[in-house]
Amino acid sequence: MKIGFLGLGNMGGPICGHLINAGHTITAYDVSPDALTGIIKQGAKGCTSPKEAAKGADIIFLSLPHPNISREVILGNDGILAGIESGALIAETSTVSPSLIKELAPAVLNQGGELLDAAVSGGVPGAVAGTLTLMVGGSEAGFQRLSSAMEAFGKNLFHCGGPGMGMLFKVINNMLAHVNWVALAEAVALGVKAGADPELLGNVVSVSSGRSAQIDDRLRKHVLPGNFTGGMKTELATKDSVLCLELARDLGVPVFLASAAHHIYELGMAKGYGEEEYGALIKLWEEWLDIEVRATDK
Ligand code: NAD
């Protein structure tokens with residue numbers, strides 16, 4: 001298949017790499033010259049605008065850091081809709097609001113294409129391993145066509161409903177992940193302040209009733225080794241926390257835990273952790289409690 005790929009960061013880079021390895025012909029674009037050079041070395045053709053990436057493509061994938069960027073990349077002067085072929089699919093893998101998908105889908109239909117939300121979960125390790133979970137919104141026919149490309153980087157592919165439903169499932173998933181991380185950070189900080197070894201605490205909880213994916217994804221991968229690079233940036237996690245609060249506000253649904261957890265994301269941003277993996281939020285407790293949550297050999 002001919003595929004356009006926009007945004008080659010922590011997620012988009014490895015996802016695009018799998019599409020190349022699966023034999024697809026890729027035309028890629030990123031505002032970062034380094035990101036573009038990296039994917040050209042793997043076999044993609046580079047280009048200079050979303051419009052150019054869309055020309056002749058059967059599917060155009062997006063993996064971008066902010067909903068406003070997704071909107072501009074689709075609707076802008078040099079955007080996808082200026083170059084899209086009739087019958088082409090746009091697959092939005094960036095995490096955006098369900099309402100943005102519903103807003104943009106008719107404009108794409110008017111140009112003869114279809115916008116599908118194809119939210120991804122599994123983080124950078126899942127993207128690198130090609131084992132992501134995909135939550136897709138759009139037509140059944142669009143889902144079937146997209147699946148043949150998504151199989152290159154996804155293990156669990158779900159058709160969640162019409163336009164926006166994939167993002168809805170993703171926002172709910174992230175609401176749980178982000179509340180779980182704040183709960184784990186708070187609990188581990190309390191344990192360490194009381195004298196527990198954080199690595200042993202993680203090992204015990206991981207086989208007990210308090211376990212969550214955050215033990216592997218944040219505590220073990222980032223906090224214990226003190227490595228806050230790669231993975232999911234705090235600013236992206238904060239963006240997703242806002243998406244959840246906006247959805248709840250629009251529907252008049254009280255979300256007590258997500259609202260409380262959001263303060264931690266805002267504090268982390270104010271502290272300047274935006275570019276760091278969101279495991280870095282543990283540093284808030286480290287400062288408040290004068291502790292260090294690290295493996296003993298670090
Ligand atoms: P990232 O910041 O690493 O990558 C974003 C890429 O988009 C960068 O290479 C950047 O240069 C590029 N970009 C920015 N503006 C652009 C534009 N106008 N045109 C083309 N390229 C542009 O972010 P990421 O971690 O790869 O996340 C991408 C999306 O996937 C986000 O919406 C995020 O919420 C979502 N997501 C991330 C994870 C994760 O664990 N990192 C997991 C699931 C979903």
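**Note on the predicted model: burial, domains and selected residues**

1. Helix H1, residues 12-21, is largely enclosed by the rest of the structure, because eight of its 10 residues are buried. The buried positions in H1 are Gly-12, Gly-13, Ile-15, Cys-16, Gly-17, His-18, Leu-19 and Ile-20. Just after H1, Gly-23 adopts a positive phi of about 95°. The coordinates under review are those of a predicted model.

2. As to secondary structure, the protein chain contains 13 helices and eight strands. Among the helices are H4 (67-75), which comes before the loop holding Gly-83, and H8 (165-193), which comes after the loop holding Gly-162. Helix H13 covers residues 282-289.

3. On overall dimensions, the radius of gyration of the protein chain is 20 Å, which agrees with the value near 19 Å that a compact globule of 298 residues would have. The C-alpha trace spans about 65 × 45 × 35 Å along its principal axes.

4. Burial and long-range contacts may be read together. Of the 298 residues in the protein chain, 51% are buried. Among contacts with a separation of 6 or more, 65% are made by residues 24 or more positions apart.

5. The surface and the charges deserve a brief entry. The protein chain has an accessible surface of about 13,300 Å², and carbon and sulfur atoms contribute 56% of that surface. There are 22 positive and 31 negative side chains, and the centres of these two sets lie 3 Å apart.

6. The chain is divided into domain 1, residues 2-162, and domain 2, residues 169-289. Taken over C-alpha atoms, the centres of domain 1 and domain 2 are separated by 28 Å. Contact between the domains involves 14 residues of domain 1 and 13 residues of domain 2.

7. Gly-83 lies in the loop between helix H4 (67-75) and strand E5 (89-92). Is this glycine buried or exposed? Gly-83 has a relative accessible area of 7%, and it counts as buried because the cut-off is under 20%. Leaving aside neighbours within four places in sequence, Gly-83 is in contact with Lys-51, Ala-54 and Lys-55. The C-alpha atom of Gly-83 is 25 Å from that of Met-167, a residue 84 positions away along the chain.

8. Gly-162 is found in the loop between strand E8 (154-161) and helix H8 (165-193). This residue is also the last position given for domain 1. With a relative accessible area of 30%, Gly-162 is partly exposed. Which residues does Gly-162 touch, not counting those up to four places away in sequence? They are Asp-117, Gly-137 and Gly-138. Gly-162 and Leu-116 are 46 residues apart along the chain, and their C-alpha atoms are separated by 8.6 Å.

9. Asp-290 is located in the segment after helix H13 (282-289). Its phi is positive, at about 55°, although the residue is not a glycine. Asp-290 is exposed, with a relative accessible area of 70%. A reader inspecting the backbone may view Asp-290 alongside Gly-23, the residue with positive phi just after H1.

How values were computed: Residues are numbered from 1 along each chain as its sequence is written. This is a predicted model: local features need pLDDT of at least 70, side-chain atom pairs count only at pLDDT 80 or more; totals for chains, interfaces and linings use all residues. Side-chain values use heavy atoms; hydrogens and water are left out. Helices (H or I, at least four residues) and strands (E, at least two) are DSSP runs, numbered from the N terminus. The radius of gyration is taken over C-alpha atoms; the globule rule is 2.2 Å times the number of residues to the power 0.38. Buried means under 20% relative accessible area, exposed over 50%, partly exposed in between (1.4 Å probe, protein chains only). Contact means heavy atoms within 4.5 Å. Accessible areas come from the Shrake-Rupley method with a 1.4 Å probe; for residues, only the protein chains shown count as cover. Lys and Arg count as positive and Asp and Glu as negative; His and the chain ends are not counted. The place of a charge is taken as NZ of Lys, CZ of Arg, CG of Asp or CD of Glu. Domain bounds come from an automatic or database domain assignment.
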